Amino acid sequence: MRRIIIALVAASFVVPALPAQDEPGPDPVPLYGRVEGRTYLSPTGAFKVSIPVLPELGGTITDTENVVTFQDDFNTHISIASFPQDATQRWEMSTRGLKDYLVYFFSNYVLGDFRQSFPDAAIESAKFVPSVLDGSLITYILLPGGSMFMDKIPMIAGGPMPVAKRGNQLFVKNGHIFVISIELTERVLERTIYKKTTAEEDELLRTRLNEVIVRLQFPKADAPAK
């Protein structure tokens with residue numbers, strides 16, 4: 001399984017999300033997936049999603065073969081990863097059961113790769129939600145120095161490194177394991193005026209993850225051959 005965190009926090013190609021027709025700009029670099037109107041379609045056909053950023057706010061789309069990232073200049077950083085399950089992953093899920101499999105996948109692949117880039121990355125909490133997408137795992141992690149908006153943070157010499165927080169939601173659909181990851185940008189951008197409690201942060205991230213989920217559409221699984 002390729003490293004996930006590299007794909008979640010950065011991809012190779014960036015284009016304006018929806019360039020204004022009356023404003024000239026640089027020629028866009030082709031995406032792996034494609035954009036049709038206000039919808040992004042993944043290159044593998046595993047999903048499509050209505051675009052959650054606006055070009056007027058500096059919205060960009062970045063993707064690889066398996067991950068798309070949406071970001072704007074203000075407070076949005078959303079990644080959607082979709083990896084086909086190989087025989088090993090299918091076996092792990094069948095022997096562990098869905099809940100334990102999602103915990104295993106997050107711990108061994110997602111969190112493990114976050115720690116490659118941010119050694120002090122830590123799980124704050126996690127919860128399995130059986131009623132969402134036939135069972136999904138929501139995790140909240142803390143990433144010292146791991147904000148995608150570091151270039152917008154005023155740094156004070158000798159001051160503490162900002163600790164970013166991400167909400168992640170994992171689930172399995174049509175033979176693919178999905179990882180949606182969202183940064184709680186206010187936590188690092190508002191700095192000294194930021195007063196939200198952990199419970200308030202979790203609820204805000206949970207709501208934003210759900211807003212992404214309702215934008216997603218999945219193709220129908222192929223019928224088994226007779």
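Student: What makes you say strand β10 (residues 163-173) is largely enclosed by the rest of the structure?

Tutor: Count the buried residues: nine of the 11 in β10. Buried means under 20% relative accessible area, with exposed over 50% and partly exposed in between (1.4 Å probe, protein chains only). With nine of 11 buried, β10 is largely enclosed by the rest of the structure. Bear in mind that this is a predicted model, where local features need pLDDT of at least 70, side-chain atom pairs count only at pLDDT 80 or more, and totals for chains, interfaces and linings use all residues. Residues are numbered from 1 along each chain as its sequence is written, and side-chain values use heavy atoms, with hydrogens and water left out.

Student: How do you know that β10 and β11 pair, and in which sense?

Tutor: Two strands pair if DSSP finds at least two bridges between them. Strands themselves are DSSP runs of E, at least two residues long, while helices are runs of H or I with at least four, both numbered from the N terminus. Eight bridges join β10 to strand β11 (residues 176-183), so the two pair, and they run antiparallel. One bridge matches Lys173 with His176 of β11. The hairpin of β10 and β11 has two residues between the strands, and Asn174 there takes a positive phi near 50°.

Student: Which sense of pairing does β10 have with β9, and over how many bridges?

Tutor: Antiparallel, over nine bridges, with β9 spanning residues 136-144. Pro144 has Val163 in β10 as its bridge partner.

Student: Why is β7 called largely enclosed?

Tutor: Seven of its eight residues are buried, so β7 is largely enclosed by the rest of the structure. Ser79 sits in this strand, which covers residues 77-84. The relative accessible area of Ser79 is 0%, so set against the cut-off it is buried.

Student: What joins the side chains of Ser79 and Thr69?

Tutor: A polar contact of 2.8 Å. The term asks for a pair of N or O atoms within 3.5 Å; within protein, one must be able to donate a hydrogen and the other to accept it, and residues adjacent in sequence count only if both atoms are side-chain atoms. At 2.8 Å, the Ser79 and Thr69 pair falls within that limit.

Student: How many bridges does β7 make with β6, and how many with β11?

Tutor: Five bridges link β6 and β7, running antiparallel, with Gln71 opposite His77. A hairpin of five residues connects β6 to β7. Seven bridges, again antiparallel, join β7 to β11, and there Ala81 is matched with Val179.

Student: Is Thr62 buried or exposed?

Tutor: Buried: its relative accessible area is 9%. Thr62 belongs to strand β5 (residues 60-63), and its bridge partner in β6 is Thr69. β5 and β6 (residues 67-71) are antiparallel, with four bridges between them, and a hairpin of three residues joins the two.

Student: What makes β2 and β12 stand at the edges of their sheet?

Tutor: That open sheet has four strands in the order β2-β3-β4-β12, paired antiparallel. β2 (34-36) and β12 (216-217) each have a single partner strand, so one side of each is left without a neighbour in the sheet. For β12, two bridges tie it to β4 (residues 48-50) in the antiparallel sense, with Val49 opposite Leu216.

Student: On to the helices. Why is α2 called oblique to α3?

Tutor: The axes of α2 and α3 (residues 98-117) come within 7 Å and cross at roughly 135°. Angles under 35 degrees count as roughly parallel, over 145 as roughly antiparallel, 65 to 115 as roughly perpendicular and the rest as oblique. Roughly 135° lands in that last class, so α2 is oblique to α3. Axes here are lines fitted to C-alpha atoms, for helices over the stretch in contact, with angles from 0 to 180 degrees between N-to-C directions. Contact means heavy atoms within 4.5 Å. Residues making the contact include Met93 and Arg96 of α2, and Tyr101 and Phe105 of α3.

Student: What caps the N-terminal end of α2?

Tutor: Asp86 does, with a side-chain oxygen 3.2 Å from the backbone nitrogen of Thr88 in α2 (residues 87-96). Just after α2, Gly97 has a positive phi of about 85°.
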